[in-house]
Amino acid sequence: MSEQFEPKIVAFVCTYCTYAGADLAGTSRLKYAPNVRLIRLPCTGRISPMFILKALQKGADGILISGCHPGDCHFTHGNYHARRRWMVFRSLLEFTGIPAERVKYSWISAAEGVKFAELINAITEDIRALGPFVQYHGLVEETQSQVSL
Amino acid sequence: MSTIDLTGKDSLRHQLEESTGNNYHCCYQCGKCTAGCPAGAFMDNPPARIMRLVQAGAIEEAMRSDSLWYCVGCQTCTARCPQNMDIAGTMDTLRSIAIEKDIVSEDRSKKLVAAFHTSFLNNVRKYGRLQELSLVNSYKLRTKTFMQDAGSGVKMIMQGKINPMHNIGGKASVKAKDQIEKIFEAALKHSHHPAPKRRPVKKEFAPRAPFSIRPGMTIGYYPGCSLSGTAMEYDVSVRKMCSLLDINLQDIKDWNCCGATSAHATNHKLAILLPARNQALADDQGFDYVLAPCAACQNRQVTTRLSLKESPELRAEIRSITGIEPTCRAEFIGVSQLLESLDPEELSKRVKKPLEKLNLACYYGCLLVRPMEAMGFDDQENPRKMESLVAALGANPVEWAFKTECCGAGLTLAQQPLVEELTHEIAKNASLNGADAFVVACPLCHANLDMRQENMRKRFGDVKPMPVYYISELVAIACGADPAEVAVGKHFVPALDMVSKL
Amino acid sequence: MWIVAARCQVLIPVIIAASYKNIVTMAKIGVFICHCGENIAGKVDTSRLVAALEDHPGVAVSVEYKYFCSDPGQESVKRAIRENNLTGVVVAACSPRMHEATFRKACAEAGLNPYLCEIANIREHCSWVHTDSDMATEKAIDITRSIVEKVKLNNTLHPIEVPVTRRALVIGGGIAGIQAALDIANAGQEVVLVEREPSLGGHMAQLSETFPTLDCSQCIMTPRMVEAAQHPNIRLLTYSEVESVDGYIGNFKVRIRMKSRFVDTQACTGCGDCYTKCPVKKIPSEFDCGLGKRTAIFTPFAQSVPNNPVIDKANCIYFKNGKCKLCVKACKFDAIDFTFEDQYLDLEIGAIVVATGFQVQDTAMYGEYGYGKYADVITGLQFERLASASGPTAGKIRRPSDQKEPQHIVFIQCAGSRDPSKGVRYCSKICCMYTAKHAMLYTHKVHGGKTSIFYMDIRAAGKGYDEFTRRAIEEDEASYLRGRVSKVWEENGKLMVRGVDTLLGRPVEIAADMVVLATAMVPQPGAKEFAKTIGIGYDEYGFYNEAHLKLRPVESSTAGIFLAGACQSPKDIPDSVSQASASASKVLALFSKDKLEREPVIASCNEATCAGCWGCVLACPYNAIEKKDILDRSGRLVKQVASVNPGLCQGCGTCVTFCRSNSIDLAGFTEKQIFAEVMGLS
């Protein structure tokens, strides 16, 4: 009996909204899938596309970027920059063949513990359905193999 | 000393929760339902007490209450509940279970009301449509109320509203009687489809998406049982009105009774299956819109259509009974909605005889505006659409406070004293606010306000005679029809004079 | 030229050395795994966690304990630091938002730079939210390892000191704002008090008497208003609004718009000749809630502070068609000038107290109660105006429709609160008390008058409150009926009220002369937009968010901005005054320091590699990045580079992601640290 595939998902979140929302989910003792690892950043504006690629390189099957709702960013407009960056990055991802469904974007505020839990569960199932990101992981192995000259 | 069971784990409570979607813990006993209930003063356990009995686990006591038999089904309680609970649905479900388990009130009113529902449904089962004379006969036999409405009955036969020949000839009954029989059989089996869960959330009125009907179009027509019988004026005037507006009406072939009050007061599944067959027929016959002038019929059809859209099991069941899969494309609309959907110029250019100096109280009744989410027609506390229509015809609609307060609806035979009380309140307020006559869009409201008015005036002695017009009659008259042509002469309260002077 | 190059060459190795210091020297990280009682240990297998981290490269110490945040827990951490010469600390416990500060302080006391301490969140993000023990433990191990990898690259950082501007801004001149301003001013600090309306006073000035003492509201308030206006430390700006707030704690920059009164307040003596002569007399008075009238040039009420009128441009004849000017003719002091314009004032502010108050809900949303349709259905605040001696009826209770004295008044409590179907779930706290008060005031004024009060519950929890409501019932014979009202309509000059007495179990119908709806307190219109202007959080209704509901009720979610009064949640006068004094104490604590210490989580730019593209300058929301000239020895410009102002930078990191040359980086969340954190995951 094969074990169910457990996706690995890395989430880059901002401290003031989504991280706080995740904390609220915790204090409310909501239950959600354990497949996500949160990387805390001060603001989504800090999130570089390189982090996403690094996470995929490390073996992630899915990525989540989540920050404050438009208008509510603790640093006034870091999240707008993040969103614009994300638009461009998505086109780049599609161009390179990385399915855009594996990299997700959301707004979650510090008061939205329930939404956070629901989102994690939904994303886990989405990525589970897509399966492990073998193409990318295969590429990484290739680049890490010894070069013979 | 009774122990209150607050754990609420028994199966009856569960059944109530499933069929209404209520979480009975949410009721905080504010009593607003009782306060607004037209029949509240008549009940041993008014609505809030019924909810408390359910909360406290004393469900059998609730079932034995005579409240269930005074409930008129106007849904005012559900509409105004701050915690968004369905009290009307609780009453209906308690009543169905009470009938099923035969745990019922000993009150005489129960016997009368139950007899009415039984007679009604037996009649529909036999003919597919309501034969009013047999209904009345059957009811009188069961309840020995021979003298009630004796005079009115004769008058109606003379006017042709009740045609004894119909029973014998079988002319006005459904052809596919086997399908009706299958519906009644299926209704005995419980559906396992729980109602969507209700939570205390904000309710806001959102009007349904506007649509437009243009002169020259053909739309479906669902007269319903009363328009073929005692509410004949409505049928005549609607057809005349549509011809004057250049709208073609095509009757739905082989339509059946929608079940009206009796079905939904006693058996939830029957209350959906009967209208669902009409929906399937309308879809199959290719209609986008079906005019259902009776507010009760329209209400049943609209709520059923919503249930059908959400439940593939229900659609499958209808398919197995009728052979048609309902697509739910056809929408059932009322007369006011039809008029509203016309381009305002189409109406105003056809008005030849403006209804000047006619002071009218627009009476919506309860079912045109409730439930708010399903009907999407107008604000349920202060609707204004009929007033706009009537003003466009040149009349003077008055501002009054009882636009949506129930007239007693389907309990007209079984709870006549209650109906008289309610219609008295309505007529008094309309008259105090300057109205000379009513405008209605429902045959049941018409019957209660018109047929029962003389008795009501005799009993209370403080209201002047007030004619009751159907909106279709007024539109037809304003567009040039002769009042007698649209059967205004057939009303109980003389109504010809007021509109002939124009 | 070569000297500059040489300098750069020196700079680079220094920078590189600094950032690689922790890798070059052997990393000795201490991992402290907290049980948090059963909160973590109940789901996560902490012994497995300890073992896994023990084996992790760079970890010198891996231990567990029941409550690391406790005194003995913290002592053990400090001991471990000293005994093992730890180069970094990771505490695997609750959220960093709980105890990062606690543990950083402990590290500092043990001699380790506090910024070499990080928290791995294995409670809120792990033990509390997962059901499978194995998977939760795996996740906890993963999280902790990843933070260990990050800490290896942490740099020692030192707090930045910024000056504090010792000037407070209080927004809102109601009782809360006045109290806060007076408390701060009396402590010797400067206050600017801004009020939107032409006069101080807020809603308290509209009340007739206050519960439970039945003090005359204006009598107790006006001395405070005058004190605030005359206090040497308070600069009062009425008829003014806050346009924008920039900056941060200790260093806010605020722009205030002083709306034009068209009256010179220096010349004006408040004699009132102008409004006596004004021909436009029928404007519904906002202060009287529409029950009275005012003129186009007016003061809101007789005891206004300052007692200078304003001209309502929209209704003034002169502004509409250039005629009239009767007020100018009447004024003996030449104080009226139609050419005055709005003025803007830019202020430097150290702390802000938000006391913007509430408004009364629009009960027209209850179609069934007929508010707005029937003149004799009024709100609680309108009743206050009727009862007030300085109100439109000089304190006599009169029906708005025909000015007759009502003989029977029905009060409906919870008209707009505790009603999820209308979108207002909360209890408005004061309505039970003010309704009892209204019933009492009415029966004192109208002997033989009857009152019926429909209620769901009686909430009278303050000092002397329950006794007050019992007085209304027992002595003033108010008739309380338990149940909500379903409908109100007018018939023959009477208001028919259809309610219920749930204690009797019967519907009840009353023919009343007047109906008073105890309307809920809701946030001011525009509260949410205003919150966005200042930069504080708000809830679904528009009430402002406190930092912690229990323990930090007067601080907003933004440092340096405090809350007082009904803008935070519905409350009565004693609570508003308490909150105001509490906010004032927070402000005074802030002003008690000469300098404010700021977190050093800020950006810095490597001047050697910066190309001067200014992407970061555009990105920065705080304009914290300046263009710096790099000069050679002879003073010639070599290039311009970005330079971060440590006083302004808030540490968001948006600039870092913009930088094309990887020159700018954010301390505490450097590129390398984040990469290490990601690569530290399994």
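# A guided tour of chains A, B and C

Start in chain C by selecting K429(C), which sits in the loop between strand 21 (408-415) and helix 13 (431-445) of chain C. Keep in mind throughout that this is a predicted model. The phi angle of K429(C) is near 65°, a positive value in a residue other than glycine. Most residues other than glycine have a negative phi. Is K429(C) buried, exposed or partly exposed? K429(C) has 19 other C-beta atoms within 10 Å, and burial takes 20 or more, so the residue counts as partly exposed.

Now hop over to chain B for a companion case. Select K357(B), in the loop between helix 20 (344-350) and strand 5 (359-363) of chain B. Here too phi is positive in a residue other than glycine, with a value near 60°. K357(B) counts as exposed because it has 12 C-beta neighbours inside 10 Å, and the exposed class takes in residues with 12 or fewer.

## Two cis peptide bonds in chain C

Back in chain C, turn to the backbone. Most peptide bonds are trans. Select F211(C) and P212(C): the bond that joins them is cis, and its omega is near -5°. You will find P212(C) in the loop between strand 8 and strand 9 (215-216) of chain C. Next, go to V305(C) and P306(C), where the peptide bond is again cis, with omega near 0°. P306(C) belongs to the loop between strand 15 (297-298) and strand 16 (310-311) of chain C.

## A helix and its surroundings

Stay in chain C and select residues 573-591, which make up helix 16. Its 19 residues reach 27 Å from first C-alpha to last, close to the 27 Å expected at 1.5 Å a residue. Now colour the buried positions of helix 16 of chain C: I573(C), D575(C), S576(C), V577(C), Q579(C), A580(C), S583(C), A584(C), V587(C), L590(C) and F591(C). As you look along the axis, remember that an α-helix has 3.6 residues a turn, so residues three or four places apart point the same way.

What do the buried residues of helix 16 of chain C pack against? Show strand 6 (167-171), helix 7 (175-186), strand 8 (209-210), strand 18 (351-354), strand 30 (552-556) and strand 31 (561-563) of chain C, and you have their packing partners. Strand 8 may look familiar: the loop with P212(C) runs between strand 8 and strand 9 of chain C.

## The sheet in chain A

Hide the rest and bring up chain A. Four of its strands form an open sheet in the order 2-1-3-4, and the pairing is parallel. Strand 2 (36-41) and strand 4 (103-107) of chain A stand at the edges; each has a single partner strand, so one side of each has no neighbour in the sheet. On average, neighbouring strands of this sheet are turned by 20° against each other, direction ignored.

For a closer look, select strand 3 (residues 62-67) of chain A, which pairs with strand 4 of chain A over five bridges in the parallel sense. Within this pair, I63(A) stands opposite V103(A) of strand 4. Then add helix 1 (residues 15-27) of chain A, which packs on the sheet and touches strand 1 (9-14), strand 2 and strand 3 of chain A. The direction of helix 1 makes about 125° with that of strand 1 of chain A.

## Domains and where they meet

In chain B, colour domain 1 (6-101) and domain 2 (351-500), as the domain assignment gives them. Their C-alpha centres lie 30 Å apart. Across the contact, 11 residues of domain 1 of chain B meet 14 residues of domain 2 of chain B. Which element gives the largest share of the domain 1 side? Select helix 6 (residues 76-80) of chain B, which supplies three residues. The domain 1 side has seven nonpolar, four polar and no charged residues.

For chain C, the assignment gives domain 1 (2-152), domain 2 (260-341), domain 3 (358-523) and domain 4 (601-666). The C-alpha centres of domain 2 and domain 3 of chain C are 34 Å apart. Their contact takes six residues from domain 2 and eight residues from domain 3 of chain C.

## Last stop: chain C against chain B

Finally, show both chains together: 24 residues of chain C are in contact with 28 residues of chain B. On the chain C side, strand 24 (487-491), strand 25 (494-501) and strand 26 (506-512) each give two or more residues. Strand 24 of chain C gives the most, with four residues. Coloured by class, the chain C side shows six nonpolar, nine polar and nine charged residues.

How values were computed. Residues numbered from 1 in each chain as written. Chains lettered and ligands numbered in written order. Predicted model: local features only at pLDDT ≥ 70, side-chain atom pairs only at ≥ 80, totals over all residues. Expected span 1.5 Å × (residues − 1). Contact = placed C-beta atoms within 7 Å. Pairing = 2+ DSSP bridges. Axes fitted to C-alpha atoms, helices over the stretch in contact; angles between N-to-C directions. Nonpolar A, V, L, I, M, F, W, Y, C, P; charged D, E, K, R; others polar. Domains from an automatic or database assignment.
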